[in-house]
Amino acid sequence: MQTDQKRTPHLSYIGWSVALATLTAFGLSCGGSSPAAPTNTQPPAGPPAAAAPGVTAVTPALGTTSGGLGITITGSGFISGATVSIGGTAATNVAVASAMAITATTPARTAGAADIVVTNPDGQSGRLNGGFTYDAPVVPPPSMAAVAPTSGPEAGGTVVTITGSGFVSGATVTFGTAAASAVSVSGSGSLTATAPARSAGSVDVVVANPDGQTARMTGVFTYLGSAPPPPPPSAPVAPTVTGVSPTSATTAGGTSVTVTGSGFAAGASVSFDGAAGSNVVVQSATSITTTTPARAAGSVAVVVTNTDGQSGRLNGGLTYTAPAPAPTPPATVVVVTITPDGATPSTTTIAPGTRIRFVNNDVLPHDMTSDPHPDHTQCPPINKVGLLLPGQSRESDPLTTLRTCGFHDHNDSDNPRWTGTIQVR
C-alpha cells in the first residue's frame with residue numbers, strides 16, 4: 001500500500017503530460033495557435049487587514065470615583081463586540097453605535113486621570129491617554145435645624161437630640177468649647193449627644209464632621225443654675241358662675257351650653273338644680289362646656305363644683321322649655337291621574353324637591369312630557385315620565401327649581417284635556 005501511494009504522483013504526471021501533448025497536437029493540426037507559455041505569477045492577495053481603532057474624545061470627561069456615569073467615546077475603526085477599559089478597569093454596558101462612536105458606563109475607581117482604551121475583537125486597540133478624570137464626590141457641609149431640649153443643669157448629663165442634615169458617622173459635638181460625650185449619628189438628619197458640665201448661661205452648639213466641615217447654632221442651649229424653691233401653693237379659690245349660653249334648653253335635654261365665670265378647676269362638675277350635666281369639659285378657669293340633662297319646664301340654678309368641694313351658683317341661670325312640635329313635612333310626591341276626562345288635578349302647587357307621579361287610568365296610552373311641544377325644555381324632570389300604557393304609572397325626577405312647569409300628552413299635544421300646570425314654590 002505504501003508503494004502504491006508513492007507512485008501516484010508519478011503516474012499523475014505522466015497522464016497530464018500525455019494530455020498536454022495531445023492538446024498541443026490537436027491545436028496545431030486544426031490551425032490553432034500554440035498555448036502561451038506559463039508565467040510565474042503570484043496568487044491574488046486576500047482582503048486588507050482591518051485598521052486599528054483610534055480614540056479621539058470622551059464625553060463627559062469628568063466623573064465621580066463611585067462610577068456609574070454614562071459616557072460616549074468618539075474615534076474611528078470601532079467594531080461590533082469592542083470592549084472599553086478605563087484606567088485598566090472594564091467599563092460596563094458597552095454598545096458600539098457606529099465605527100465612530102461607543103457608549104459605556106464608567107466603573108468605580110480612585111481619583112485621578114485614567115486612560116481610555118478601546119479593543120476590537122481582533123485584538124487591536126486604541127488609547128486616549130488621561131482621557132477621563134475621576135474626582136471624589138463633593139460632600140455637603142452639615143446643617144442644624146433644631147436642638148431639643150434647649151436647656152439642662154450645670155452638671156451636664158442632658159441627652160440632646162440634634163436634627164438637621166449632612167451628619168456623618170464619626171461627627172463630634174461641642175457645647176461652647178466643651179466636647180459632648182456619647183455622640184451617636186442615627187442618620188444624616190439626626191444625632192444624639194450628652195451635654196458636658198458647664199457654668200450657667202447660653203452656649204453655641206457645634207456639629208463637626210470628620211472632614212472638618214461644621215454647623216453651628218448660636219446660643220441654642222442654656223445651662224441652668226440652681227433654681228429658687230417654688231412659692232407655696234395658694235389657697236384654693238371658690239368658683240363663681242356669671243352666665244350660661246344659651247339661656248334656654250328643651251325639657252328633653254341634650255342641649256350643649258357654655259358656663260362662664262371664674263375659678264373653674266380641672267375635674268369640675270356642673271349640675272342643673274341637682275341634675276348632673278354630661279360631657280363636662282373645663283376649657284379654662286373661666287369657661288366650661290356641658291350637655292343639659294332632661295328636666296321639667298322652668299328656670300333652674302346652674303352650679304359648678306370643683307374637686308375640692310367648693311362651688312359657685314347662678315340661680316335661674318337656665319330655663320327649660322317644652323320642645324316645639326315638629327312641622328309636618330311637605331308631601332314629597334303629588335299624584336296626577338289621567339282618565340278619559342283629562343288630567344286631574346290640572347293645576348297644582350308643590351314644594352321644591354317634590355316628584356310628580358302620573359297614573360294612567362285611561363284605556364288609551366299617553367306620553368306625558370314637559371311643555372313646550374315638541375322641544376319639552378321647560379321642565380326636563382317631567383320628561384322622565386314618558387309613555388304610559390293603560391294602568392301604568394311613573395314618577396318624574398324631583399322638581400327643584402322655583403318656576404311654572406306645564407305638561408301635555410306628546411301624542412295628542414293639541415288636546416287640552418291632557419295638559420296641566422305645576423307651580424314650584
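This briefing describes two sheets and how their strands pair. The structure is a predicted model, in which local features need pLDDT of at least 70, side-chain atom pairs count only at pLDDT 80 or more, and totals for chains, interfaces and linings use all residues. Residues are numbered from 1 along each chain as its sequence is written, and side-chain values use heavy atoms, with hydrogens and water left out.

**Four-strand sheet**

- Four strands (DSSP runs of E, at least two residues, numbered from the N terminus) form an open sheet in the order β19-β21-β25-β24.
- The pairing in this sheet (two strands pair if DSSP finds at least two bridges between them) is antiparallel.
- β19 (240-245) and β24 (278-284) are at the edges with a single partner strand each, so one side of each has no neighbour in the sheet.
- On average, neighbouring strands here are turned by 25 degrees against each other, direction ignored; axes are lines fitted to C-alpha atoms, and angles run from 0 to 180 degrees between N-to-C directions.
- Five bridges link β19 and β21 (residues 256-262) in the antiparallel sense.
- S245 has T258 in β21 as its bridge partner.

**Five-strand sheet**

- Another open sheet has five strands in the order β30-β36-β35-β32-β33, and its pairing is mixed.
- The edges are β30 (347-350) and β33 (386-388); each has a single partner strand, so one side of each is left without a neighbour in the sheet.
- From one strand to the next, the twist averages 25 degrees.
- β32 (residues 366-370) and β35 (residues 403-409) run antiparallel and are joined by three bridges.
- The bridge partner of S370 in β35 is F407.
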